[in-house]
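Here are my comments on the model you sent round. Please read them beside the sequence and the coordinates.

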Amino acid sequence: MKLLKYVLGFITFIGGVFALSASSKKKGKQEFDTKVKENEEKVKIVQVKTSQVEKEKKETKKQVSKAKKKTTSTKKQVKDISSAEKTVDNFEKKYRKRGRPKKNT
């Protein structure tokens, strides 16, 4: 009888160990699942933000290209004044009085 009690006690001890290990695995799995869900939510939030940033990037690129077009068109419209400056310098050299100080620009 005593031997039967020891064997039965040993079997219950092993069963208890298996039960504890199974319950701890379930907790670990539940924690893992919750962390995975949280990470998936964070990934979705980041994806939304990146899509917004990409839209803003496209808009800014359009604005920059428009600004470049405007500057190139205004540069085309601006006339070169170097020949006029040369003419003024030549005129001043010829007709300006010698004692008078030069004009500062």
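**Notes on the surface and fold**

1. L3, V7, F10, I11, F13, I14, V17 and F18 together make a nonpolar surface patch of about 840 Å². The model is a predicted one, and the patch should be read as a feature of that prediction.

2. Within this patch, I14 is one of the contributing residues, and its place is in helix 1. I14 has a relative accessibility of 31% and therefore counts as partly exposed, since that class lies between the 20% limit for buried and the 50% limit for exposed.

3. A second patch is positive and consists of K55, K58, K62, K66, K69 and K70. Of its members I looked at K58, which is located in helix 1, a helix covering residues 2-77. K58 counts as exposed because its relative accessibility is 58%, and exposed means over 50%.

4. On the fold as a whole, the protein contains 2 helices and 0 strands. Helix 1 runs over residues 2-77, and I14 of the nonpolar patch also lies in helix 1.

5. What share of the 105 residues is buried? The figure is 0%, where buried means under 20% relative accessible area.

6. The accessible surface of the protein totals about 11100 Å². Carbon and sulfur atoms account for 60% of that surface.

Technical notes. Residues numbered from 1 in each chain as written. Predicted model: local features only at pLDDT ≥ 70, side-chain atom pairs only at ≥ 80, totals over all residues. Heavy atoms only, no water. Patch = residues over 30% accessible without salt bridge, like charges linked within 9 Å, V, L, I, M, F, W, Y side chains within 5 Å. Areas by Shrake-Rupley, 256 points an atom, 1.4 Å probe, with all protein chains shown as cover. Salt bridge = Lys/Arg side-chain N within 4 Å of Asp/Glu carboxyl O. Lys, Arg positive; Asp, Glu negative; His and termini not counted. Charge placed at Lys NZ, Arg CZ, Asp CG, Glu CD. Helix = DSSP H or I, 4+ residues; strand = E, 2+ residues; numbered from the N terminus. Buried < 20%, exposed > 50% of the residue type's maximum accessible area, 1.4 Å probe, protein only.
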